[in-house]
Structures are given as structure tokens and as C-alpha cells.
Amino acid sequence: MNTIARTDTSIVGRWWWTVDRWLLVMVASLAFFGAVLSLAASPAVAERIGLDTYHFVARQLVFLPVALMTMLGVSLLSARGVRRLALFVTVSAVILMVLTLIIGVEVKGATRWIRLGGFAIQPSEFVKPGFAVLAAWLFSQRRLDDRFPGYALATGLYLGIVALLALQPDIGMTFAVSAVWFVQFFLAGLPLMIVVVLGVALLASTVGAYFVFDHVQARVDQFLDPSSGGGYQVTRSLEALRNGGLFGRGPGEGRIKEVLPDAHADFILAVAGEEFGLIVCLVLVILFAGIVLRGISRAFQDDDLFIMLGVAGLMVQFALQAIINMASTLNMMPPKGMTLPFISYGGSSTLAMGIGMGMALALTRTRPGARRLS
Amino acid sequence: MIQSTGPTPDNMDEAVPKSGAARVQLAPVQLARVQLEGARKQALDMGRSRLLVTGAVIMMAFAAISVRLVDLMVLGGAREPGIEQARFKPQAPVVRGDIVDRNGILVATSLPTASLYADSAMVLDAGEATDQLLSILPDLNRANLLAKLKSKRRFVWLRRNLTPDQHYDVNRLGIPGLGFQTEERRVYPHGSLFAHVVGLTDRDGNGVAGVERYFDGVLDGNPETLRLSLDVRVQSLVHEELSNTVNKFNAIGGAAVVMDVKTGELISMVSLPDFDPNSPSSAVGDAIFNRASKGVYEMGSTFKLFTAAMALDAGTVDIGGGYDASEPIRIARFTISDYHGKNRWLSVPEILIHSSNIGSAKMAVDVGTERQQGYLRNLGMLSPSEIELPEVGNPLKPATWREINTMTISYGHGIAVSPLQMTSGVSTVVNGGLRHPATLLAYDGKETVESERVFSSTTSLQLRGLMRLVVSQGTGKNAEVPGYMVGGKTGTSDKQGGGGYERDKRIASFVAAFPINDPRYVVLVLVDEPKGIKETFNYATGGWVAAPAVGRIIAGMGPLLGVPTVQMAALDDSTPEGFIKAWEQTFEAR
């Protein structure tokens, strides 16, 4: 396998010997499952809404390789390159988010999409990895030099992005960005007193969302009181998972994809469970957990605060998205629309995940001269 | 590496003094570096320990998801009380027990069906869904269906109880937001045959009438079978005869009851007009009224059986005695006269044979108001029947019971009871004098039958002889069935309407027991407002209308139920008194 010599000093050669190959393999496996499950879930949904049978499959099978290539490309960057990319991505995404509010397309009561050259893209997906890296840099700078207003800048950036998200509105994304900002702030040495205060504030804003946004209220009410008749998708997905059992009903034998509008996106875990069974579901969970664990352990070992915060932020965002998606499908929390990274259908989210993972891979590359914790 | 602020590594290298002498005192730049190094180390240490906490929390979340997956998908349990039960309660099969007749023939059963509902908030295109559904269920109302699918309600019924084909076809449409619930549909294989007595359920499976309602608590969710005392074969026979009679005499309705005199079990109960419980829309108006148990009627002359029984039992007259019936009785502003007037002294048997109102009234006066009330109470005539039906009529009786009431009640006027009560009372008269509560449940032979003595066995024997005379010589000749020794009594009464009795609206009835020497069954047929026809010489009395029907029922059910025919030597029937004497000698009171 080692066809690249140790002495090879080309960009690719150096990359091969410094990149975290475990992380790479796990992400690639996840993408492989994503492709298979896209074939399982999407055709039924496409047929039902009158599209060509393989409409979603064909698109996702383009998105996934593009995302993987993007990931590999980004992972070639140096730490400084990652920072610059993050700045570029964040600025572009913010500009597009502002444009979205003006010329965006309203879908199901929220304006999150913008048409760019024949593609509908969701800029808020891209702001997540960009923000994680930028905030990490700002926090680490402040931590090493008290004169640098890193906390204020990071918080200002955070508030600006959140304001744009709330205007769409996109509660899930707001929550994800908030969580990244909070965890990084926490890791950067936020006094415990303020951690508690912020924790309470987060709780309060969650309760606030309940009263301000009708759809949030409806979902929470349904979760707390299922007899009110709601939770159609969740009920169906629980039913599907039960039908799946240990080995599943077999590929193509699932039924939930015929009834759930979001079978290929937010509820793809139910399709996976029904057709392929518990074992495949557990493999998916292990892959997600493995990626996060691997990323966090690399961050832990690194002696560069910026890298530690950046990787931690990207991993928290990745983990949060996976956890919220799966917990919603399993009715462990009020349903919140969030894609399952690399598995759910969606161009913007898949590509943004590729960028995020590429950044994480780039940051976790072993660097000559860097001291590592053994 | 930190590059943006502070000295670059190169600068620092230059700044560090090369000689060891400077060790004692640190240069400012070197101090800054140590401070920076210290801050960095401190920050990294804190970051690492906090990162451990963060990682641990995330791993716990993944662990919780794994546990939940295993629990949900393999252990299957975790039917959490909240969502599952609330959501699936109607989906759980509603088990409702079958109802069978005394021989185990199915009378009511439940079949599983699928019912179609919509979660209209999930329906993507209501218009298209409406078109597709109408192609399979063309009888649905388009506007109504469209409104339901657009209502955004999370649960709305579209159609209950689909056929398996419809279920399959609708399922194939794959319209999101539509769902099926497994339900049970109550089916009555005999159609209208048991309409009133068995009753029916509403579309949610709750009993709303008859046995279905009375035993709703027992049947609901209990797969055990409820066995009734009714007999499908007899019910069918009785239903047919009663229908023919009601049609023939152009009556507005009718009722028939057959009771086992030894147990009080009802073998048949029919009320007309009726309805088909399989199509509840037919259960409206007069059709749902159970004339047999809910309707109360002034029975007329059949009540004379009770009067004669109580007089003989109380000893105020004996079988050889009699009363002068030559003159109508005038009391207060009423006149009591006879329909088939003989205008002479009549013996007790003659009073029954000729159905003399005058004789009965005089007999009742001798018994006395108080004792009459006592006997009627013991016969169950003064309180609603305790039958296992929700539809039970309240008897109508005088508010103040004067002598005139005693007289009219003696021949069945001024008191209204249900055909069921009447049948039960006659059973007591003929079965040796014991009252058994009427029941719709079959005895399995082990329980002891509840009984209460009302008359002596001698009185019962004498009354059986009298009833036999009514059929062999009196007004009940049309009920005779060779070999079955029918005994009975006719009854005809004018219905009350407006301020008084109406002559052309009457109740014609006949009540019989057979074989009268040792009765097994009592049969009562009552026809509501029969019109006289040419064949009956325009008579519409109990003897002409109801007695033939009773005769045909007995002729049919006797062989069916294995009642042995009676071969007996001819009794001396030259005079009624002589017949009763011979009767008493032949069948000694037990």
C-alpha cells in the first residue's frame, strides 16, 4: 500500500505521510453508506412527488464525489491556508445569506435557499465550518495575547451570523452555530461562572423559541403530548425501525420511504434501519462516534491552541448534527430538521460537510517540529 | 504556530543572549517569551481538560443513541406509554365477543376491516389525492372529500370498513398522509331476524341497542362468546309467521314471544316492523321500537286467565261455581257488557270459553282489590320486566286502584303490560304456579333456575284444563294443532286514542301453551291494528288474527324441538264442567 516513498517531498507525498488516514477511511466509509442509502431511499420519494425515479440518486452521486474531492483538496492546505479559506467561505456565505433574505426562495415558511447559476444553494450550511475555524483563530489569539480583542470579535461574528439565521428563520442552524461558539469559548477558557450563565441563557432562548416560533411550539407540544395527534413522520419512522429488527427487511423491502416526504433527507436513518437492520445502524453510529473521537483525540494531542479549538469546533458541529438527526428520528427529542452528515440527501450540506472535514483533516495533519503530547 | 502577534521565532533567537552569564537576569524579550510560553501551556492544559469533558458528553450521546436503537429494533419493547399508546390505541384490534344462539349458531360476529383516514396536513396535493381516491371509492362525495383533505386536521376519517380490494387499491396509490386503521366490523349473518333482541353497534363498535348494548361491558374487548337462550330455527319460524300475519291483516306491526315455561328462557322474540342491523341507516323510526319488550298494551281477555287463576287459588270460587252474566254491570258512569253475550248464569269454565267480561269482573270483585294487586305483583305485571335488554317498557296501571279498576283489569283493560310480561305471566299460570324470571341467556343445565311460587299446582292444573277448553270449544279453535294439545286464550282490545277507545284500532292477541297437559312452551302473538278481511268475515279479533299464527308456530316448532305428540283417550267434553272433572282425574296435580 505504501507506494509513496517516505522521502517523497511532493505535496501529495507529504500529505500522504502527514494526514490522519484513520479519519480519512472513516469519512470515506460514511460516504459509501451515504451512496448506498441514497439508492435505497430516494427513488421512492422522487417517484411520489412526480420526479424522475433516479432524480435524487443521480444528484447525490454527483454531490458525494464532489464533496470528497473538495475534502481531499482542502486537506492539502496548511493551517494558514485553512484559515484563509475559512475567512473566504465565511465572508461569501454571509454575503449570500444577506442576499437570500432579499432574493431568496421561500420554502415551507422559511427563506433559506438562493438560486445561483441553476443551483439552489443554502449559504447557511457553508457558514458553519467557516465560522468554526474563524472563531477558533480569534479565541486562540485572545488567549495568547490579552490585548487582542478575540472574544469580542468572535462573539460579534457569532451574533451577526445568528441574526441572519434567525431572520430566515432557521432555528436548527442557529442552535448548531451557537453550540460551536459556546464549546469553543468554553475550551478557550471561559470562566466557569460565565459558562453557567451562558448555559442558562441558551436554555432561556430555547424556551423563548418555543413561544416565538409557532412551528417550534407545535413540535415540542407533539413530543410532550403525543396524543395531540402529531408526530406523523416520527411515528412512522419508529414503526419502520421496529419492523427492521436485527437484519432488516432487506434492500428495497422498506415501506417507510413510500410514505415519508423526508425519507431521503432527515429520516434516512429510519430507511436504513428498516431495510438493513440494527447492525448497519450501529455501524453508522460507530462511524460517527469514531470520526468525532479520532478528531477530538488529535485535537487533544496537539499543542497549538488554534488547531485544538478549530478541530474541536468542527467535530462538535459534525457530532451535533449527527446526534440531533438520529435523536429526532428515534423520538428522543422534539423533531428538528437536520441532515445526517454524508448520509442525507442535500447538495449544500454534503459539500459543506466536505469542506468542514477537509479543514479538520488539514488541521490534524502532523506538522514537522510540532510538539505532540504522547 | 502563533504567527500574527508577538515576536517571530527568528527574532526570538536573535534576542536570546548567547553567553551563559545572562542567565541570572532575563532580557525583556526573553521574559515575554516565557510569559507567552506559560500562557500557552496554561491555555492548552485548560483546553485539554475541557475537551475531555466535551468529548465525554458527545460519546455519551452516541451511546444513548445506540442503546435506544438496540432497545427499539431488537428488544422491540419500549412501547413508550406516550406516543405509542396514544397513537395506536384505535389501531389495536377491537375484540368484541361473538353472540350465538342456544345451539351455538352465530348471531353476531366481528370481522377485521381496514378503515381509511387522512393526516391531511401531510397530504401534498389534495386535488390529485381526491381524484385518485374517487376512482376507487366512487361513492364518496367529492366536495366533502376535498374539504377533508384540505382541512389540515391531523386525523380525519375518509371511509370506514373498506373491502380488502379497496384497501389494496388505496394502499397502492401511495398517497402520503393516508393511513389505515384496523377495525372490526360487526356482522349479523341473519340480517333482520334478531334485529330488536340482539340490537346493533355503532360504527365505533359500541353497543347501542338490544343485547349488544345491555352486555356492552361484557362483549367489549372480551373475545368470549355470549350464548343466548334464543333458537335461530324457532326465531325464523316465528318471524315468518308473524310477518305473514301482519301483512295479511294489513297491521301496523306485531310482536311474538316464545318462552320455555320450565326455565323462563326466551326461545324467540320478534317485533315488527324491524330493520337490518347490517345497515344501521335502516334502524330509524318505528322500526327500532321493540314491541315485544318495550311496547305496553292493554291485553284484553288474555288477562282473564289471571283473574280465574287468582279466584280459584284464593278459593273465592271453585271450578263448579259461576256468576250471573245476564245483565251488564253499571258502575259509576261505565257499563260492563259481554262481547259474545249469553245473558245467563255462567260457570267458571264458561266465563273463559265465552270470554265473559261480566263474569270476570264479578270474579275479581270477590277476590278483592288488594289480593288482585298482590297476585299481579307476584306475576310481575306491575313492574318492568327484568329481561336483559335496555328496551323495557314500564307497565301502565291505575294511579288509584278503585273497584272499577279491579273490574276492568280483570278482563285486561285499564292496565297495559308488555307482550314479554304477558308471556311470563302465562308461563307461571301453566307450569305448576312457579314464576321464573324471564331471561335471554341460555342455562347450561347446571345453574338452579330461580323460582317463586305464585299459584298452587292445583290451580295451575285447573287453568290448563280451562285453556284447553278455550281451544277445543271456545274462541281459540283456530289455534288447534292435532297431537300437540294446545291450550290458550284470545285477547282483543280497542286501542286508546284521543279521549277514549277507538273501535277500529285494536290489539289482537293469542297466548297459548303446549302440550297443555304438561306444558313446555308458551307462545304469544300480538298484532297491532289488524284490519278485518273477507276470509275472516271482517273480524280482526285475537281468535281470527293471532290464533291461527300461534297454531302454525306450534305446528312448526313442536317437531323442531322434539316435543312428543300426545295420544290420550277422549275426555268427557259434553259439558265444560264434566271436561274439567275428567281433566283433573286424568292429570293429577303434581
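## A hairpin in chain B

In this predicted model, strand 8 (residues 253–260) of chain B runs antiparallel to strand 9 of chain B, and 6 bridges join the two. One of these pairings places B:Val258 opposite B:Ser268, its bridge partner in strand 9 of chain B. The two strands form a hairpin with 5 residues between them, and within the turn B:Gly264 has a positive phi of about 85°. Strand 9 (residues 266–272) of chain B is mostly covered, since 7 of its 7 residues are buried.

## Backbone features in the loops of chain B

Two residues of chain B have a positive phi although neither is a glycine: B:Met485, at about 45°, and B:Phe537, at about 55°. B:Met485 lies in the loop between helix 17 (457–472) and strand 16 (487–497) of chain B, whereas B:Phe537 belongs to the loop between strand 18 and helix 18 (542–560) of chain B. Their surroundings can be set side by side: B:Met485 has a relative accessible area of 10% and is therefore buried, while B:Phe537, at 58% relative accessibility, counts as exposed.

A cis peptide bond is found from B:Phe514 to B:Pro515, with omega near -25°. B:Pro515 sits in the loop between strand 17 (500–514) and strand 18 (521–528) of chain B.

## A cis proline and confidence in chain A

Chain A also contains a cis peptide bond, from A:Gln168 to A:Pro169, with omega near -10°. The loop that holds A:Pro169 is the one between helix 6 (150–167) and helix 7 (171–187) of chain A.

The mean pLDDT of chain A is 85, and 95% of its residues reach 70 or more. Among the elements of this chain, helix 14 (residues 347–363) of chain A has the highest mean pLDDT (93), and strand 1 (residues 105–107) of chain A has the lowest (72). Where pLDDT is low, the predicted coordinates should not be read in detail.

## Helix 10 of chain A

Helix 10 (residues 232–244) of chain A has 13 residues and, at 1.5 Å a residue, should span 18 Å; the C-alpha atoms at its ends are 18 Å apart, so the expected and modelled spans agree. The helix is mostly covered, with 11 of its 13 residues buried. Among the buried residues are A:Tyr232, A:Val234, A:Leu238 and A:Leu241, together with the charged-type side chains A:Arg236 and A:Arg242. After helix 10 of chain A comes A:Gly245, whose phi is positive, near 70°.

## A buried glycine and a nonpolar patch

Within helix 12 (residues 268–301) of chain A lies A:Gly290, which counts as buried because its relative accessibility is 17%, and the cut-off for that class is under 20%. A:Gly290 and A:Met26 are 264 residues apart in sequence, yet their C-alpha atoms are 7.5 Å apart in space.

On the surface, A:Leu87, A:Val91, A:Ile95, A:Val98, A:Leu99, A:Leu101, A:Ile102, A:Ile103 and A:Leu167 make a nonpolar patch of about 810 Å². Helix 4 (residues 79–103) of chain A gives the largest share of this patch, 8 residues. One residue in helix 4 of chain A is A:Leu101, which is partly exposed, with a relative accessible area of 32%.

Conventions:
Residues numbered from 1 in each chain as written. Chains lettered and ligands numbered in written order. Predicted model: local features only at pLDDT ≥ 70, side-chain atom pairs only at ≥ 80, totals over all residues. Heavy atoms only, no water. Helix = DSSP H or I, 4+ residues; strand = E, 2+ residues; numbered from the N terminus. Buried < 20%, exposed > 50% of the residue type's maximum accessible area, 1.4 Å probe, protein only. Patch = residues over 30% accessible without salt bridge, like charges linked within 9 Å, V, L, I, M, F, W, Y side chains within 5 Å. Areas by Shrake-Rupley, 256 points an atom, 1.4 Å probe, with all protein chains shown as cover. Salt bridge = Lys/Arg side-chain N within 4 Å of Asp/Glu carboxyl O. Expected span 1.5 Å × (residues − 1). Pairing = 2+ DSSP bridges. pLDDT = per-residue confidence, 0-100.
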